[in-house]
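Hi,

Here is the structure I said I would pass on. Have a look at it first, and my notes are underneath.

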Amino acid sequence: MPNNSDVTTTDSTDATTRVHDLLLRFPGIARARVTRDASGDLRAEVLGWDAPASSPYVGPLAELDMHNPDEVQFLHDEIFVGESYLDGGIVLRQDAVVFDVGANIGAFALFVGARCPSAEVFAFEPVTDIHQQLRRNLERYGVRARTFEAGLSDRDREVTFNFYPDLSIMSCRSDYASLDTESDLVKQYVQNARESGSTEREEHLARVESLVTRDFERSERRCLLRPLSAVLDETGVTRIDLLKIDVQRSELDVLLGIEDRHWPLVQQIVMEVHDEVGTPTEGRLRQTQSMLVEHGFKVSGSEVELLRGAGRYTVRGIRPEYAEDPRPVVARTGNARALSPQEIVSWLAERLPHDLVPRDITMVSELPSH
């Protein structure tokens, strides 16, 4: 749950809480601590989403509503540090429309909000427990988003999902579940991270590794699935700048839910594809790439680095004509804009009474949880 112990006050808790909560809505700020000094002036320390997350308990993740901080650190490494969804020429343009399919607790949507504040996110998460966290996180950080307690598939249906509280990113349709494969995936992630030299995060890796030394807690949830075309008809969306798909072996179903009349609306796709030897997903990488080529995309793909050897691939599709879109590119790999204390103060001054604008804002690399 979000940790409000970062709001340290000597008086006027309401005032410091108000400033703290507003700071979290400034694009790029992950955590904040607001205090009053001896003279009564407000001061703030802020931590950006791009800060190193050597520990999920003192780094940028600590205010998120989540089940398992160590699981979410994996997402942070992949999305915020590795910028995995912007690889291969993927960009976010001004006023981008982003469909986040398999949103989980909102890590990618938060990334979009931090890097492209003008974007509008449509976030899909079918498991009620996770969707509630998703909604709270996006509201807390002020992301322009609409959340759907539904997944996407090839047709309207209600199915049973396996929900793993300790490893929610592995939650998936029960008929697509493979617990042995998921356990092997966790082990592969830990092994690859250690081989890459991530010894400074050994405590985190040990906690992640411990997840597979005991039985996963599992429960079942009935979940609604919709075809993407039906959602487009209902919402009136006329352009999808980026369609992100990460749905645990259901990725092909999502693509099959796009009718021919709607494919031209999709400008970029980035998706995780499962191609696991000896399973029903074997050969899916080539099948998915062929489908995107047929629909006019220039396609590239690569193995997920920290999951190499586990049959996980990232596939990207970009329409060649999207390069001619006149809207400016706001976010691409490597162009993250550093937080500016002066800009933050100016932004707060437009939204707060003069006496609540902090006298001093300091950028920090970590904030203790207590």
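**The four-stranded sheet**

Leu 152 sits opposite Arg 226 of strand β10. Keep in mind that this is a predicted model. The strand pair behind that match is β7 and β10 (residues 219-227), which run parallel and are joined by three bridges. They belong to an open sheet of four strands with mixed pairing, ordered β7-β10-β8-β9. Why do β7 and β9 each have one side without a neighbour in the sheet? Both stand at the edges, β7 at 151-153 and β9 at 172-173, and each has a single partner strand, so one side stays free of a neighbour there.

**The whole chain**

Stepping back, the protein has ten helices and 16 strands. Of its 370 residues, 57% are buried. If you take the contacts with a separation of 6 or more, 69% of them link residues 24 or more positions apart.

**The cores**

In soluble globular proteins, nonpolar side chains tend to be buried together. Here the largest nonpolar core has 68 residues, and the members that touch the most others are Leu 23, Trp 49, Leu 64 and Ile 344. Helix α3 (residues 107-115) gives this core its largest share, with seven residues. There is also a second, separate core of 30 residues, with Phe 124, Phe 148, Leu 232 and Leu 292 among them.

Trp 49 is a good place to start clicking. Leaving out residues up to four places away in sequence, Trp 49 touches Gly 28, Ile 29, Ala 30, Pro 60, Leu 61, Leu 64, His 76, Phe 80, Leu 110, Ala 114 and Tyr 141.

**The largest pocket**

You will probably want this one. The largest pocket holds about 410 Å³ of space. It is lined by 19 residues, and Gly 28, Asp 50, Ala 114, Arg 337 and Ala 338 are the closest to its centre. Which element supplies the largest share of that lining? That is α3, with three residues. Sorted by class, the lining has twelve nonpolar, four polar and three charged residues.

**One loop residue**

Is Met 66 buried or exposed? Its relative accessibility is 11%, which is under the 20% cut-off, so Met 66 counts as buried. Met 66 lies in the loop between β2 (42-48) and α2 (69-81). Its C-alpha atom is 8.2 Å from that of Ile 130, although the two residues are 64 apart along the chain.

Cheers

Terms used
Residues numbered from 1 in each chain as written. Predicted model: local features only at pLDDT ≥ 70, side-chain atom pairs only at ≥ 80, totals over all residues. Heavy atoms only, no water. Core = buried A, V, L, I, M, F, W, Y, C linked by side-chain atoms within 4.5 Å. Buried < 20%, exposed > 50% of the residue type's maximum accessible area, 1.4 Å probe, protein only. Helix = DSSP H or I, 4+ residues; strand = E, 2+ residues; numbered from the N terminus. Contact = heavy atoms within 4.5 Å. 1 Å grid on protein atoms, 1.4 Å probe; cavity = no way out; pocket = protein on both sides within 12 Å on 5 of 7 lines; lining within 4 Å. Points joined across faces, edges and corners; volume = space filled by probe spheres on them. Nonpolar A, V, L, I, M, F, W, Y, C, P; charged D, E, K, R; others polar. Pairing = 2+ DSSP bridges.
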